[in-house]
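Here is a guided read through one protein chain, with the cysteines taken up before the strands, the core and the question of confidence. Keep the viewer open as you go.

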Amino acid sequence: MKLLVVAVALLATVSGQTPPAHMECHCGVFISVQDGEIEIHRMKPIHLESCDDVEECTAGCSEEWANGAGGGDLDAELANGQTLGHELCHGANELHHSEVHHAIPMVYSRTCDGGWTQTGDQASDYLCCHQGKQVDCDHHPTKPPM
């Protein structure tokens, strides 16, 4: 019985010194809709040393947007061969938003389980999607509700 108590105490001590497994910065792309803002795309997470690294998180999301997403150019070709606009419309469709009308995609960051904060980065043009595919906003098949 003493051995069990010692083992449990040792395990508690060791586990107490282990940093949390999910110290990550999350980067998302959001658009404004009538009911607020919705996430249409999630970028790869960034490892953080601490959940208090808010500035590092914001800077990391801005850098990912600048380097990995062509700085917001919807026609920029991504590493997977698709354009940024296509990826954003695909992401919106995956999240049940197949129709997007004249939206400006904006980048947000979130440390660990905190709230989303705008980074100040956004797309260089309006995004329009029809049935999950990017379309020219001047020739969008459906008009936004008035």
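The link of Cys128 and Cys137 is right-handed, with 110 degrees about the S-S bond. In this predicted model, the sulfur atoms of Cys128 and Cys137 sit 2.1 Å apart and form a disulfide. Cys128 counts as buried, at 0% relative accessibility. Cys137 is buried too, with a relative accessible area of 14%.

How many disulfides does a search of the whole structure find? The search gives five. Counting the bonded cysteines along the protein chain, the disulfides follow the pattern 1-4, 2-5, 3-7, 6-9, 8-10. A disulfide is a covalent bond between the sulfur atoms of two cysteines. Three of these links are set out here, including the one just described.

| Disulfide | S to S distance | S-S torsion | Handedness |
|---|---|---|---|
| Cys27 and Cys61 | 2.0 Å | about -85 degrees | left-handed |
| Cys89 and Cys129 | 1.9 Å | about -80 degrees | left-handed |
| Cys128 and Cys137 | 2.1 Å | 110 degrees | right-handed |

Take the pair of Cys27 and Cys61: the torsion about their S-S bond is about -85 degrees, so this disulfide is left-handed. Because Cys27 lies in strand β1 (residues 24-33) and Cys61 in helix α2 (residues 54-68), the pair ties together parts that are 34 residues apart in sequence. Cys27 is buried, with a relative accessible area of 0%. Cys61 counts as buried as well, at 0% relative accessibility.

The pair of Cys89 and Cys129 also links a helix to a strand. Their S-S torsion is about -80 degrees, so the disulfide is left-handed. Cys89 lies in helix α3 (residues 84-94) and Cys129 in strand β7 (residues 127-130), so this pair ties together parts that are 40 residues apart in sequence. Cys89 has 0% relative accessibility and counts as buried. For Cys129 the relative accessibility is 0%, and Cys129 counts as buried.

Now to the strands. β1, the strand that holds Cys27, pairs with β5 in the antiparallel sense over six bridges. One residue to look for is Phe30, whose bridge partner in β5 is Met106. On the β6 side, β5 and strand β6 (residues 117-122) pair in the antiparallel sense over three bridges. Met106 turns up again here, with Gln122 as its bridge partner in β6. β5 and β6 form a hairpin with five residues between them. In the turn of that hairpin, Cys112 has a positive phi of about 50 degrees.

Are the residues of β5 buried or exposed? Six of its six residues are buried. In a regular strand the side chains alternate between the two faces of the sheet. In β5, Met106, Tyr108 and Arg110 are on one side, while Val107, Ser109 and Thr111 are on the other, and all are buried, so both faces are covered.

Next comes the nonpolar core. The largest one has 24 residues, of which Ile40, Trp65, Leu84, Leu88, Val100 and Leu127 touch the most other members. The elements that give two or more residues to this core are β1, β2 (36-42), α2, α3, β4 (100-103) and β7. If you centre the view on Leu84 and leave aside its neighbours within four places in sequence, you will find this residue in contact with Trp65, Ala69, Gly72, Asp73, Leu74, Ala76 and Leu78.

Asp75 gives a contrasting stop on the tour. This residue is in the loop between α2 and α3. Asp75 is exposed, because its relative accessible area of 61% is over 50%. Asp75 and Ser124 are 49 residues apart along the chain, and their C-alpha atoms are separated by 9.8 Å.

Finally, a word on confidence. The protein chain averages a pLDDT of 83, and 80% of the residues score at least 70. Where is confidence lowest, and where is it highest? Helix α1 (residues 2-16) is lowest, at a mean of 41, and strand β5 (residues 106-111) is highest, at 96. Over residues 1-19, pLDDT stays under 50, and the model has zero contacts beyond four places in sequence for them. Where pLDDT is low, the predicted coordinates should not be read in detail.

How values were computed. Residues are numbered from 1 along each chain as its sequence is written. Side-chain values use heavy atoms; hydrogens and water are left out. pLDDT is the predictor's confidence in each residue, from 0 to 100. Helices (H or I, at least four residues) and strands (E, at least two) are DSSP runs, numbered from the N terminus. Contact means heavy atoms within 4.5 Å. A disulfide is a pair of cysteine sulfur atoms within 2.5 Å. Buried means under 20% relative accessible area, exposed over 50%, partly exposed in between (1.4 Å probe, protein chains only). A nonpolar core is a set of buried Ala, Val, Leu, Ile, Met, Phe, Trp, Tyr and Cys residues joined through side-chain atoms within 4.5 Å. Two strands pair if DSSP finds at least two bridges between them.
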